[in-house]
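Let's take a friendly walk through this structure. Have a look at it below, and then we'll go through a few spots together.

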Amino acid sequence: MDASRRREMMAPAVVSVVGLATIATAWGFELIGGFIPCALCLQERVPYYIGLPLAVAALLAAVAGARPTVVRMLLVAAGITFAYGAYLGIYHAGAEWGWWLGPADCGGNAPAVADVDDLLGQLDNIRVVSCTAASWRLLGLSFAGWNAVVSIFLVAVAMWGAFRPLAEEPAEVARSRA
């Protein structure tokens, strides 16, 4: 594998690995740590579900030796997707800090109710999670704040990979094409 192909693989690889680690961490906090996500938290995961396949497709295209334009267009699409994720994270973190109102319908994700007895049974077990109360903080940032930081990083790496100058062709490749 030549240096120019490795160079094309760098940005999609970083976006794929960091994005996958981020969404895996969110799932880990939910499934292992017992943190129940609010409705806005669940919306913040959607950009990962869209952006990660785009980043992996860019990585696979770079590995396969596709034209740099293909890789870069996939990176632009992933970057735009993660920019929306950054917006959601900033909006959510701002609502948690009380800088602005959160969504009016944010209250939890209760399961569907089949009948009245089922409803009464669920009332004992339902835990409503507010979008405006941070359930955890590290270094002053909540899950939403850290999501915004990671999303901004992913946007920066994707756009760097998409818009950096192309590598110079090695002399022997250029001569063989002549």
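## A buried arginine and its partner

Let's start with Arg 45, which counts as buried because its relative accessibility is 7%, and the cut-off for buried is under 20%. Keep in mind that this is a predicted model.

What does the side chain of Arg 45 meet in a salt bridge? Its partner is Glu 30, with 2.7 Å from N to O. The two come from distant parts of the chain: Arg 45 belongs to helix α2, Glu 30 belongs to helix α1, and their positions lie 15 residues apart in the count. Glu 30 is partly exposed, at a relative accessible area of 24%. How many salt bridges does a search of the whole structure find? Just one.

## The overall layout

Stepping back, the chain has six helices and two strands. If you follow the sequence along, the pattern goes α-α-α-α-β-β-α-α. Of the 178 residues in the chain, buried ones make up 33%.

## A nonpolar patch on the surface

Now for the outside. Trp 27, Leu 31, Ile 32, Val 46, Tyr 49 and Ile 50 form a nonpolar patch on the surface, and together they have about 640 Å² of accessible area. Two elements, α1 (3-31) and α2 (39-64), each give two or more residues to this patch. Which element supplies the largest share? That would be α2, with three residues.

One of the patch members is Tyr 49, which sits in helix α2. Tyr 49 is partly exposed, since its relative accessible area of 42% falls between the 20% and 50% cut-offs.

## Tucked away in α2

Helix α2 also holds Ala 55. Is Ala 55 buried or exposed? It's buried, with a relative accessible area of 0%.

Ala 55 can be paired up with Val 76 for a quick look at distance: they are 21 residues apart in sequence, while in space their C-alpha atoms are 9.4 Å apart.

## Two helices side by side

Finally, turn to helix α3 (residues 68-97) and helix α5 (residues 143-163). These two pack with their axes 7 Å apart, at an angle of about 160 degrees. That makes α3 roughly antiparallel to α5, because angles over 145 degrees count that way. As for its handedness, the crossing of α3 and α5 is left-handed.

Terms used:
Residues are numbered from 1 along each chain as its sequence is written. This is a predicted model: local features need pLDDT of at least 70, side-chain atom pairs count only at pLDDT 80 or more; totals for chains, interfaces and linings use all residues. Side-chain values use heavy atoms; hydrogens and water are left out. Patches are made of residues with over 30% relative accessible area and no salt bridge: like charges are joined within 9 Å, nonpolar side chains (Val, Leu, Ile, Met, Phe, Trp, Tyr) within 5 Å. Accessible areas come from the Shrake-Rupley method with a 1.4 Å probe; for residues, only the protein chains shown count as cover. A salt bridge is a side-chain nitrogen of Lys or Arg within 4 Å of a carboxyl oxygen of Asp or Glu. Helices (H or I, at least four residues) and strands (E, at least two) are DSSP runs, numbered from the N terminus. Buried means under 20% relative accessible area, exposed over 50%, partly exposed in between (1.4 Å probe, protein chains only). Axes are lines fitted to C-alpha atoms, for helices over the stretch in contact, and angles run from 0 to 180 degrees between N-to-C directions. Angles under 35 degrees count as roughly parallel, over 145 as roughly antiparallel, 65 to 115 as roughly perpendicular and the rest as oblique. A crossing is left-handed if the near helix is turned anticlockwise from the far one by less than a right angle, and right-handed if clockwise.
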